[in-house]
Amino acid sequence: MKQSLFESRHQPQWQAFAEQLKQLEQGKRKAGDMADFPHQYRRLCQHLALAQERGYSSYLVDPLQQLALRGHQQLYRHRSRLTANILSFVLADFPRLVREQWRFVLIAGLLFFGSLVVVALLVYLFPELVYSIVSPQQVAEMQGMYDPEASRLGRLADRAASEDWMMFGYYVMHNIGIAFQTFAAGLLFGLGSVFFLIYNGLIIGAISGHLTEIGYGQTFWSFVIGHGAFELTAIALAGAAGLQLGWALIAPGRLTRAESLRLAARKSMQMLCGVMLLLLIAAFIEAYWSSSTTTAAWIKYLVGAVLWLLVAAYLTLTGRTRHAPE
Amino acid sequence: MQSAPLDTRYQIETPEGIDLPLRPAGLLPRALAFAFDLGVRGLAMGILLVPLALLGNIGIGLGSLLLFLVSWWYMVLFEVLNQGCSPGKQVMGLRVVQDDGTPIGWSASLIRNLLRFVDMLPFGYFFGAVSCLQHPHFKRLGDLAAGTLVIYRQQPAARPKIPQAAPLGLPFTLELNEQRAILGFAERQGELSAERVHELASILAMPLQVPAARAAEQLNGVARGLLGPT
């Protein structure tokens, strides 16, 4: 068949297909309404194969190729699991993933909490050490924040409801930003994650040691214990996700490094989604519960302990049975 | 079926058994697209932060949420919800797809955009640029991990007219590549100078058994013959 005859015979079909594509791309019509779309797409593919095989001109083959590519994009879509399976992710998949990756979680936890505890003890015993880790202005700022004289805790002395709002926004941005950094830096063979884990551990450890040592312990610990359960766990898990990335590059096993990185990235992304969730909860608690001074300190310690147990139980026990609610 | 292309095209094979060529985009258009996106973000933040600053503390809270959204989620939201195009990519005619040519999903987009942080290290996108320049399909580190590809969105080119000539059949059969070449020659003539047309056509004067001066006309005739009546 001559090219011009082929073209004039099928041109209306191609135009109709292009029209359908345009509607799908602009989201005007749902894929469900177009029952004949796959059929039309396959016919276009057949035409393209014919046109190539018969050596028709590039000005015919190229537009057909572009149509086929656009059709391919509409027909073969990765179903996004993020929106569909949130419930099963929260109830089963995330804790399961954390347990499956327990080696990385353990290493990240040791690096983070280890450096935190060691530095906190060192600063408590040798108070002047704090100035070699944290700058003097920051120390002064922290002291102002947790001064037992202040009526409400957090960044400012007395806070209204609108300030809770402000701090919520600030915590979300600041903490999730840190978690993302800790994760992403893992691409540098895991070294970046190790650095951020230890660095954050050092800062937090130094400040907590210092504040305890100068007698602000009561205000400080009752403030941080509640949201710390979620926040510190989340940072450690973000580090674990980053380490996973790095390890995929260091020891790819039987895969190529690129392939192994791709697989690890998908897994660690799921872990990071869980981390974001934990940090959102932490920001809520931090802004609305931890900062209130009307509750007695012992209630805060109690609630904090319960929250720590809750997080631990969630990560170790949830989703153990195969038929967890889905 | 086809030999490996000389250019940077990236072939994917669809389940229908056809090969679709993608054209990966290089460092420069991607950098320009990013610069555009950066500008858009800066502008949006500038405009939105002014009224928020007047709202006092709630405004500051909303502002930090907004800053978080814009700095970490701007690219992800646009790429997933807008057919793989952030505004900058739209302007530069680019889009992001998965390695197999399918549209990008939440997970892949999050990976490639969070790892942007590493691409920016140690300063000014150094790692990203190095990775992009040495990779055959111009992937930065985030693309490597997410298995994504930045390609050109191709628009169909306007079709040129083939010069008038009497349709002509050849006494021997042409191979597919030869047929494509002759059609290509006839269609692109308008873009070439008369001397170049003559030079190209005279290569084929011998096999066509015509004097070099008439070779171009002869080829146009063959192309007409291949195309059929219009």
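**Exercise 1. Place A:T182 in its surroundings.**

Solution. Start with touching residues. Setting aside residues up to four places away in sequence, A:T182 touches A:S193, A:F196, A:L197, A:I235, A:A238, A:G239 and A:G242. Here contact means that C-beta atoms, placed from the backbone, lie within 7 Å.

Next, the element. A:T182 sits in helix 8 (residues 161–184) of chain A. Helices (H or I, at least four residues) and strands (E, at least two) are DSSP runs, numbered from the N terminus.

Then burial. A:T182 counts as buried because it has 31 C-beta neighbours inside 10 Å. The scale runs as follows: buried with 20 or more other C-beta atoms within 10 Å of a residue's own, exposed with 12 or fewer, partly exposed in between, all C-beta atoms being placed from the backbone.

Last, a distance. A:T182 and A:F94 are 88 residues apart along the chain, and their C-alpha atoms are separated by 19 Å.

A note on the model and its labels. This is a predicted model, in which local features need pLDDT of at least 70 and side-chain atom pairs count only at pLDDT 80 or more, while totals for chains, interfaces and linings use all residues. Residues are numbered from 1 along each chain as its sequence is written, and chains are lettered from A and ligands numbered from 1 in the order in which they are written.

**Exercise 2. Summarise the fold of chain A.**

Solution. Count the elements: chain A has 12 helices and zero strands. Now burial: of its 326 residues, 40% are buried. Now contact range: among contacts between residues at least 6 apart in sequence, 79% join residues at least 24 apart.

Domains come next. Chain A is assigned domain 1 (3–75) and domain 2 (84–317); such bounds come from an automatic or database domain assignment. Over C-alpha atoms, the centres of these two domains of chain A are 52 Å apart.

Finish with the record. UniProt (unreviewed entry) annotates "transmembrane region" at residues 104–126, 168–189, 232–250, 271–291 and 297–317 of chain A. Its positions are given in the numbering used here, feature names are shortened, and annotations may be inferred rather than shown by experiment. Check two spans. Residues 104–126 of chain A are 96% helix and 0% strand, with end C-alpha atoms 32 Å apart. Residues 271–291 of chain A are 95% helix and 0% strand, with end C-alpha atoms 29 Å apart.

**Exercise 3. Describe helix 1 of chain A.**

Solution. Find the bend. Helix 1 (residues 3–25) of chain A bends by about 50 degrees at A:H10, and the proline A:P12 follows within four residues. The bend is the angle between axes fitted to the seven residues ending at a residue and the seven starting there.

List the buried positions of helix 1 of chain A: A:Q3, A:F17, A:L21 and A:L24. Their cover includes helix 2 (37–53) and helix 3 (58–75) of chain A, together with helix 11 of chain B. Then look just past the helix: A:G27 has a positive phi of about 75 degrees.

**Exercise 4. Locate the nonpolar cores.**

Solution. A nonpolar core is a set of buried Ala, Val, Leu, Ile, Met, Phe, Trp, Tyr and Cys residues joined through C-beta atoms within 7 Å. The largest has 111 residues, and A:A234 and A:L237 touch the most other members. Helix 10 (residues 217–250) of chain A supplies the largest share of this core, 16 residues. Beyond neighbours within four places in sequence, A:L237 is in contact with A:V98, A:V105, A:M271, A:G274 and A:V275. A second, separate core has 12 residues, among them B:I182 and B:L227.

**Exercise 5. Analyse the side of chain B that touches chain A.**

Solution. Count first: 50 residues of chain B are in contact with 50 residues of chain A. Helix 2 of chain B gives the most to this side of chain B, with 11 residues. By class, the side of chain B that touches chain A holds 29 nonpolar, 17 polar and four charged residues. Nonpolar covers Ala, Val, Leu, Ile, Met, Phe, Trp, Tyr, Cys and Pro; charged covers Asp, Glu, Lys and Arg; the others, Gly among them, are polar.

**Exercise 6. Place B:A223.**

Solution. B:A223 lies in helix 11 of chain B. It is buried, because 23 other C-beta atoms lie within 10 Å. Apart from neighbours within four places in sequence, B:A223 is in contact with B:I162, B:I182, B:L183 and B:A186.

Key:
Contact = placed C-beta atoms within 7 Å.
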